[in-house]
Amino acid sequence: MTTTLITGANKGLGHETARRLIAAGHTVYLGARDTERGTAAAAGLGARFVHLDVTDDASVAAAVATVEADGGVDVLVNNAGIEVRSPEGEIIGAAELTADVLREVFDTNVFGLVRVTHAFLPLLERSAAPVVVNVSSGLASLTRAGHGYPGAAYPASKTAVNMLTVQFAKAFPLMRINAVEPGYTATDLNRHAGTQTVEQGAEIIVRMAQVGPDGPTGGYFGAAGPLPW
(Lines give C-alpha, C1' and ligand atoms only; values in the text may rest on other atoms or scores of the structure.)
Protein backbone atom coordinates (compact mmCIF):
# COMPACT_ATOMS: atom_id res chain seq x y z
CA MET A 1 0.00 0.00 0.00
CA THR A 2 1.40 3.38 -1.04
CA THR A 3 0.84 6.31 1.32
CA THR A 4 0.80 9.79 -0.17
CA LEU A 5 0.70 13.26 1.35
CA ILE A 6 -0.58 16.16 -0.77
CA THR A 7 -0.27 19.76 0.40
CA GLY A 8 -2.96 22.30 -0.42
CA ALA A 9 -5.35 19.51 -1.31
CA ASN A 10 -8.76 20.69 -0.17
CA LYS A 11 -9.54 22.06 -3.66
CA GLY A 12 -8.28 22.43 -7.22
CA LEU A 13 -5.40 20.35 -8.52
CA GLY A 14 -4.52 18.96 -5.11
CA HIS A 15 -8.06 17.72 -4.56
CA GLU A 16 -8.25 16.10 -7.98
CA THR A 17 -4.83 14.51 -7.51
CA ALA A 18 -6.03 13.06 -4.20
CA ARG A 19 -9.16 11.68 -5.86
CA ARG A 20 -7.18 10.03 -8.64
CA LEU A 21 -4.54 8.52 -6.36
CA ILE A 22 -7.15 7.14 -3.99
CA ALA A 23 -8.79 5.51 -7.02
CA ALA A 24 -5.38 4.04 -7.88
CA GLY A 25 -5.13 2.46 -4.44
CA HIS A 26 -3.10 5.02 -2.50
CA THR A 27 -3.81 5.93 1.10
CA VAL A 28 -3.88 9.73 0.87
CA TYR A 29 -3.28 12.35 3.51
CA LEU A 30 -5.07 15.49 2.42
CA GLY A 31 -3.09 18.44 3.76
CA ALA A 32 -4.85 21.79 4.16
CA ARG A 33 -4.43 24.83 6.40
CA ASP A 34 -8.20 25.33 6.77
CA THR A 35 -9.38 22.60 9.12
CA GLU A 36 -13.07 22.85 8.27
CA ARG A 37 -12.59 22.77 4.52
CA GLY A 38 -9.88 20.17 4.71
CA THR A 39 -11.90 17.84 6.91
CA ALA A 40 -14.90 18.11 4.60
CA ALA A 41 -12.80 17.50 1.49
CA ALA A 42 -11.09 14.48 3.03
CA ALA A 43 -14.40 12.99 4.12
CA GLY A 44 -15.82 13.40 0.62
CA LEU A 45 -12.85 11.63 -0.95
CA GLY A 46 -12.12 8.96 1.60
CA ALA A 47 -8.79 10.56 2.45
CA ARG A 48 -7.17 11.24 5.81
CA PHE A 49 -7.15 14.91 6.77
CA VAL A 50 -4.00 16.40 8.25
CA HIS A 51 -3.79 20.05 9.23
CA LEU A 52 -0.84 21.50 7.35
CA ASP A 53 0.10 25.13 6.87
CA VAL A 54 3.30 25.06 4.82
CA THR A 55 4.31 28.51 6.12
CA ASP A 56 4.28 27.42 9.78
CA ASP A 57 7.02 25.29 11.36
CA ALA A 58 4.84 24.03 14.19
CA SER A 59 2.06 22.98 11.82
CA VAL A 60 4.49 21.06 9.61
CA ALA A 61 6.10 19.36 12.61
CA ALA A 62 2.69 18.30 13.91
CA ALA A 63 1.80 16.90 10.48
CA VAL A 64 5.01 14.87 10.43
CA ALA A 65 4.19 13.45 13.87
CA THR A 66 0.68 12.48 12.73
CA VAL A 67 1.85 10.77 9.56
CA GLU A 68 4.73 9.03 11.33
CA ALA A 69 2.43 7.67 14.03
CA ASP A 70 0.23 6.15 11.34
CA GLY A 71 3.11 4.41 9.61
CA GLY A 72 4.92 6.94 7.43
CA VAL A 73 4.75 8.15 3.86
CA ASP A 74 5.99 7.04 0.43
CA VAL A 75 4.98 9.96 -1.81
CA LEU A 76 5.02 13.69 -1.14
CA VAL A 77 3.20 16.01 -3.53
CA ASN A 78 4.17 19.62 -2.91
CA ASN A 79 1.10 21.22 -4.43
CA ALA A 80 0.34 24.21 -2.17
CA GLY A 81 0.94 27.48 -4.00
CA ILE A 82 -0.28 31.06 -4.26
CA GLU A 83 -0.25 34.01 -6.62
CA VAL A 84 -0.55 37.53 -5.21
CA ARG A 85 -2.39 40.25 -7.15
CA SER A 86 -3.01 43.94 -6.61
CA PRO A 87 -6.04 45.09 -4.55
CA GLU A 88 -7.78 45.68 -7.89
CA GLY A 89 -7.10 42.10 -8.95
CA GLU A 90 -4.37 42.98 -11.47
CA ILE A 91 -1.33 40.79 -12.07
CA ILE A 92 1.72 42.43 -10.52
CA GLY A 93 4.47 42.92 -13.10
CA ALA A 94 8.13 43.73 -12.58
CA ALA A 95 7.52 47.50 -12.56
CA GLU A 96 5.11 47.21 -9.62
CA LEU A 97 6.81 44.33 -7.81
CA THR A 98 7.84 44.96 -4.21
CA ALA A 99 9.95 42.90 -1.86
CA ASP A 100 6.89 42.32 0.31
CA VAL A 101 4.94 40.77 -2.56
CA LEU A 102 7.88 38.59 -3.54
CA ARG A 103 8.36 37.50 0.07
CA GLU A 104 4.70 36.55 0.41
CA VAL A 105 4.75 34.42 -2.73
CA PHE A 106 8.07 32.77 -1.90
CA ASP A 107 6.94 32.05 1.66
CA THR A 108 4.40 29.54 0.38
CA ASN A 109 5.73 28.48 -3.02
CA VAL A 110 9.43 28.12 -2.15
CA PHE A 111 10.10 28.30 1.59
CA GLY A 112 6.96 26.27 2.28
CA LEU A 113 8.04 23.59 -0.17
CA VAL A 114 11.48 23.39 1.44
CA ARG A 115 9.99 23.40 4.95
CA VAL A 116 7.69 20.47 4.15
CA THR A 117 10.24 18.50 2.13
CA HIS A 118 12.95 18.87 4.76
CA ALA A 119 10.58 17.83 7.53
CA PHE A 120 9.32 14.73 5.72
CA LEU A 121 12.67 13.54 4.36
CA PRO A 122 13.33 11.19 7.30
CA LEU A 123 9.99 9.46 6.68
CA LEU A 124 10.52 9.32 2.93
CA GLU A 125 13.95 7.74 3.42
CA ARG A 126 12.28 4.84 5.25
CA SER A 127 10.12 4.08 2.21
CA ALA A 128 11.11 1.36 -0.24
CA ALA A 129 10.17 3.61 -3.18
CA PRO A 130 10.09 7.29 -2.13
CA VAL A 131 8.75 9.88 -4.56
CA VAL A 132 8.50 13.67 -4.41
CA VAL A 133 6.45 15.65 -6.93
CA ASN A 134 6.91 19.42 -6.93
CA VAL A 135 4.09 21.23 -8.70
CA SER A 136 5.83 23.87 -10.79
CA SER A 137 4.57 25.79 -13.83
CA GLY A 138 5.36 26.29 -17.48
CA LEU A 139 6.04 29.90 -16.46
CA ALA A 140 9.14 28.65 -14.62
CA SER A 141 10.95 27.93 -17.88
CA LEU A 142 13.72 30.43 -18.58
CA THR A 143 13.82 29.15 -22.15
CA ARG A 144 10.22 30.25 -22.65
CA ALA A 145 10.37 33.41 -20.52
CA GLY A 146 9.12 36.66 -22.00
CA HIS A 147 5.90 35.37 -23.51
CA GLY A 148 2.35 35.89 -22.26
CA TYR A 149 1.95 36.17 -18.50
CA PRO A 150 3.34 39.52 -17.27
CA GLY A 151 3.73 38.67 -13.58
CA ALA A 152 7.12 38.47 -11.90
CA ALA A 153 6.80 36.87 -8.46
CA TYR A 154 4.94 33.69 -9.36
CA PRO A 155 7.20 32.63 -12.27
CA ALA A 156 10.31 33.44 -10.20
CA SER A 157 9.03 31.27 -7.38
CA LYS A 158 8.45 28.34 -9.70
CA THR A 159 11.86 28.74 -11.32
CA ALA A 160 13.27 28.43 -7.80
CA VAL A 161 11.17 25.29 -7.33
CA ASN A 162 12.76 23.80 -10.44
CA MET A 163 16.28 24.44 -9.17
CA LEU A 164 15.42 23.01 -5.77
CA THR A 165 14.01 19.94 -7.49
CA VAL A 166 17.30 19.35 -9.28
CA GLN A 167 19.36 19.81 -6.13
CA PHE A 168 17.16 17.57 -3.98
CA ALA A 169 17.27 14.90 -6.69
CA LYS A 170 21.08 15.03 -6.72
CA ALA A 171 21.25 14.85 -2.94
CA PHE A 172 18.85 11.90 -2.68
CA PRO A 173 19.54 9.61 -5.66
CA LEU A 174 17.40 6.79 -4.27
CA MET A 175 14.31 9.01 -4.42
CA ARG A 176 12.40 9.98 -7.55
CA ILE A 177 12.09 13.78 -7.30
CA ASN A 178 10.58 15.73 -10.21
CA ALA A 179 8.93 19.05 -11.04
CA VAL A 180 5.74 19.08 -13.08
CA GLU A 181 3.81 21.61 -15.15
CA PRO A 182 0.05 20.98 -14.96
CA GLY A 183 -0.77 23.47 -17.72
CA TYR A 184 -3.06 26.49 -17.59
CA THR A 185 -5.75 24.97 -15.40
CA ALA A 186 -8.88 26.69 -14.15
CA THR A 187 -8.43 27.01 -10.38
CA ASP A 188 -8.87 29.60 -7.66
CA LEU A 189 -5.22 30.57 -8.11
CA ASN A 190 -5.91 32.14 -11.53
CA ARG A 191 -9.53 33.02 -10.70
CA HIS A 192 -10.65 30.17 -12.97
CA ALA A 193 -9.26 31.82 -16.09
CA GLY A 194 -7.37 28.66 -17.05
CA THR A 195 -8.25 26.81 -20.22
CA GLN A 196 -7.90 23.28 -18.82
CA THR A 197 -10.00 21.35 -16.33
CA VAL A 198 -8.50 20.10 -13.08
CA GLU A 199 -8.89 16.58 -14.47
CA GLN A 200 -6.56 17.51 -17.33
CA GLY A 201 -4.17 19.45 -15.13
CA ALA A 202 -3.78 16.71 -12.55
CA GLU A 203 -2.77 14.14 -15.19
CA ILE A 204 1.00 14.79 -15.00
CA ILE A 205 0.95 15.12 -11.20
CA VAL A 206 -0.75 11.75 -10.83
CA ARG A 207 1.56 10.15 -13.37
CA MET A 208 4.74 11.34 -11.67
CA ALA A 209 3.40 10.43 -8.23
CA GLN A 210 3.34 6.82 -9.42
CA VAL A 211 6.82 6.50 -10.93
CA GLY A 212 8.80 3.47 -9.83
CA PRO A 213 12.40 3.25 -8.62
CA ASP A 214 13.57 3.04 -12.23
CA GLY A 215 11.65 6.19 -13.24
CA PRO A 216 13.08 9.62 -14.01
CA THR A 217 14.40 11.97 -11.35
CA GLY A 218 15.58 15.56 -11.35
CA GLY A 219 13.36 16.36 -14.34
CA TYR A 220 10.79 18.94 -15.38
CA PHE A 221 7.75 17.46 -17.11
CA GLY A 222 4.45 18.42 -18.71
CA ALA A 223 1.78 16.04 -19.90
CA ALA A 224 3.52 15.69 -23.27
CA GLY A 225 6.97 15.01 -21.85
CA PRO A 226 10.11 16.82 -20.67
CA LEU A 227 10.14 20.63 -20.74
CA PRO A 228 13.03 23.03 -21.43
CA TRP A 229 14.54 24.62 -18.34
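This dialogue walks through the sheet, two helix pairs and one residue of a predicted model.

Trainee: Where should I begin with the sheet, and in what order do its strands lie?

Mentor: Strands of a sheet pair through backbone hydrogen bonds, either parallel or antiparallel. In this model 8 strands form an open sheet with mixed pairing, and their order is S3-S2-S1-S4-S5-S6-S7-S8. The edge strands are S3 (48–51) and S8 (225–226), each of which pairs on one side only.

Trainee: How many bridges join strand S5 to strand S6?

Mentor: Strand S5 (residues 131–135) and strand S6 (residues 176–180) run parallel and are joined by 5 bridges. As one example to find in the structure, Asn134 has Ala179 in S6 as its bridge partner.

Trainee: Which strands does helix H5 touch?

Mentor: Helix H5 (residues 153–171) packs on the sheet and touches S5, S6 and strand S7 (220–222), while its direction makes about 165° with that of S6. Helix H3 also packs on the sheet, where H3 touches strand S2 (27–32) and S3, and the direction of H3 makes about 150° with that of S3.

Trainee: How should I read two helices that pack together, and at what angle do H3 and H4 cross?

Mentor: Two packed helices are described by the angle between their axes and the distance between the axes. For helix H3 (residues 57–69) and helix H4 (residues 99–125), the axes come within 10 Å and cross at roughly 25°. Because an angle under 35 degrees counts as roughly parallel, H3 is roughly parallel to H4. Their crossing is right-handed, and the residues that make the contact include Val60, Val64 and Val67 of H3, together with Val116, Phe120 and Leu123 of H4. By class, this contact of H3 with H4 has 8 nonpolar, no polar and 3 charged residues.

Trainee: What angle do helices H1 and H6 make?

Mentor: Helix H1 (residues 12–23) packs against helix H6 (residues 198–209) at an angle of about 60°, and their axes are 9 Å apart; the two helices are therefore oblique to each other. H1 passes H6 in a right-handed crossing, with a contact that includes Leu13, Arg20 and Leu21 of H1 and Ala202, Ile205 and Val206 of H6. The residues of this contact of H1 with H6 divide into 7 nonpolar, 3 polar and 4 charged.

Trainee: Is Ala43 buried or exposed?

Mentor: Ala43, which lies in helix H2 (residues 35–45), has a relative accessible area of 63% and is therefore exposed, since exposed means over 50%. The C-alpha atoms of Ala43 and Leu30 are separated by 9.8 Å, and these residues are 13 residues apart along the chain.

Definitions and conventions:
Residues are numbered from 1 along each chain as its sequence is written. This is a predicted model: local features need pLDDT of at least 70, side-chain atom pairs count only at pLDDT 80 or more; totals for chains, interfaces and linings use all residues. Side-chain values use heavy atoms; hydrogens and water are left out. Axes are lines fitted to C-alpha atoms, for helices over the stretch in contact, and angles run from 0 to 180 degrees between N-to-C directions. Helices (H or I, at least four residues) and strands (E, at least two) are DSSP runs, numbered from the N terminus. Angles under 35 degrees count as roughly parallel, over 145 as roughly antiparallel, 65 to 115 as roughly perpendicular and the rest as oblique. A crossing is left-handed if the near helix is turned anticlockwise from the far one by less than a right angle, and right-handed if clockwise. Contact means heavy atoms within 4.5 Å. Ala, Val, Leu, Ile, Met, Phe, Trp, Tyr, Cys and Pro count as nonpolar, Asp, Glu, Lys and Arg as charged, and the others, Gly among them, as polar. Buried means under 20% relative accessible area, exposed over 50%, partly exposed in between (1.4 Å probe, protein chains only). Two strands pair if DSSP finds at least two bridges between them.
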